[in-house]
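Q: Can you walk me through this model? I'd like the cysteines, the core and the sheet.

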Amino acid sequence: MSQQVHREMNLLEILEGLNVEIREQELLKDYTTLKIGGMVRYMVVPEDVQTATEVVKRLRESSVDFFVLGGGSNLLVPDSGIECVVLLLRGLKNIQILGQAPSVVVYAESGVALQGLVSLAMKQGLSGLEGLVGIPGSLGGAVFGNAGAFGYEIMNVVEEIDILRKGSRMVIKKEDLSYGYRDGGLLEGDVILSTRLRLEVTEPERIKRKMIEYLNIKKQTQPLDEPSAGCVFKNPPGESAGRLIDLAGCKGLTKGDIQVSTKHANFFVNKGQGRAEDFIALMDEVRERVLRIFSIELEPEIRILTKGCTSK
Ligand code: EPU
């Protein structure tokens with residue numbers, strides 16, 4: 001029996017008896033906002049927290065490598081696909097509002113779309129997420145990477161996170177995490193199941209006004225209508241990566257179908273059949289130009305996945 005066939009039988013056996021959907025031969029470009037990414041052999045899609053916990057436990061016990069996929073909005077996947085199993089957490093989407101004014105706790109599961117949560121907060125008059133309007137992806141991904149904009153960061157409103165770490169389930173309080181800019185302070189390999197966020201009760205109209213204002217700024221300054229992975233590089237301390245890339249003359253620079261956006265230089269957009277290989281080549285060229293001109297080394301903000309499923 002070939003190793004491949006052996007592995008295939010194994011996965012089905014490992015997950016036997018669990019009420020879990022297994023998708024086969026999925027093209028990952030269909031799961032990323034950049035519309036880039038090759039094939040994965042197996043994608044496991046649990047529908048609730050308990051099943052997800054059991055899936056992770058069994059995969060770990062059987063030493064099956066897996067990658068947790070959220071909204072795929074900050075991610076570059078190789079053109080040749082990946083070799084591990086993908087654990088897609090989009091089925092974990094319960095939300096509960098607990099407590100009363102002046103502040104409430106919102107329990108939200110990992111697969112909740114960040115924008116679903118943002119619009120719920122707007123309708124219910126819950127303040128704290130205004131600056132996150134328009135950011136794609138899932139709540140789990142947003143927490144893992146401490147997503148933010150306009151001075152807001154999701155970790156500012158997080159109280160605690162329910163995770164699986166090395167097979168054990170644990171609740172981590174915010175004060176026990178050393179989170180920072182675009183970093184939720186969790187470890188590589190942690191699986192976020194749900195998060196509790198504290199939001200302040202206020203007038204829905206006030207929240208709506210702010211969100212409309214932020215969204216208008218985003219529409220004017222960012223290429224929201226083209227496939228991208230958001231900002232490619234982190235802002236160096238006290239600087240804007242977009243400004244530096246722009247000043248280095250990189251706007252419009254193109255490799256294959258990947259282009260440095262002419263609207264905001266820290267966004268690389270996919271003009272059609274963009275490839276990860278071209279994306280990386282463009283990142284290298286932009287980084288080199290910025291280094292040469294400003295002596296500043298840009299660091300990626302996006303997660304770059306390897307075929308073997310480690311991420312850089
Ligand atoms: N700028 C240019 N050219 C450009 C882009 C920007 O000159 O091509 C200038 C702007 O004119 C402005 C300054 O650079 O004077 C800063 O630009 P902007 O306000 O767009 O903010 P940013 O630092 O580029 C950050 C976040 C964005 C977030 C915005 C709004 C990072 C890497 N970027 O961008 O987050 O939406 O602020 O708050 O932290 C993301 O994380 O994926 C992201 C897009």
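A short chat about the cysteines, the core and one sheet follows.

Q: What kind of model is this, and what are the ground rules?
A: This is a predicted model: local features need pLDDT of at least 70, side-chain atom pairs count only at pLDDT 80 or more, and totals for chains, interfaces and linings use all residues. Residues are numbered from 1 along each chain as its sequence is written, and side-chain values use heavy atoms, leaving out hydrogens and water.

Q: How many disulfides does a search of the whole structure find?
A: One. A disulfide here is a pair of cysteine sulfur atoms within 2.5 Å.

Q: Which cysteines form it?
A: C84 and C309, with sulfur atoms 2.0 Å apart. The torsion about their S-S bond is about -80°, so the disulfide is left-handed.

Q: What does the pair tie together?
A: C84 is in the loop between β4 (75–76) and β5 (85–88), and C309 is in the segment after β17 (303–304), so the bond links parts 225 residues apart in sequence. Helices (H or I, at least four residues) and strands (E, at least two) are DSSP runs, numbered from the N terminus.

Q: Are C84 and C309 buried or exposed?
A: Both are buried. Buried means under 20% relative accessible area, exposed over 50%, partly exposed in between, with a 1.4 Å probe and protein chains only.

Q: And why is C250 not bonded to C231?
A: The C250 sulfur is 15 Å from the closest cysteine sulfur, in C231, which is too far for a bond. C250 counts as buried because its relative accessibility is 0%. C231 is at 23%, so C231 counts as partly exposed.

Q: Switching to the core. Which residues have the most contacts inside the largest one?
A: L129, I154 and I161, in a nonpolar core of 35 residues. Such a core is a set of buried Ala, Val, Leu, Ile, Met, Phe, Trp, Tyr and Cys residues joined through side-chain atoms within 4.5 Å.

Q: What does I154 touch?
A: Its contacts include L114, L129, L132 and L197, not counting residues up to four places away in sequence. Contact means heavy atoms within 4.5 Å. Apart from this core lies another, of 25 residues, among them F279 and L298.

Q: Last topic: what is the strand order in the open sheet?
A: β1-β2-β5-β3, four strands with mixed pairing. Strands pair if DSSP finds at least two bridges between them. The edge strands are β1 (21–27) and β3 (66–69).

Q: How do β2 and β5 run?
A: Parallel, joined by two bridges. V44 has L87 in β5 as its bridge partner.
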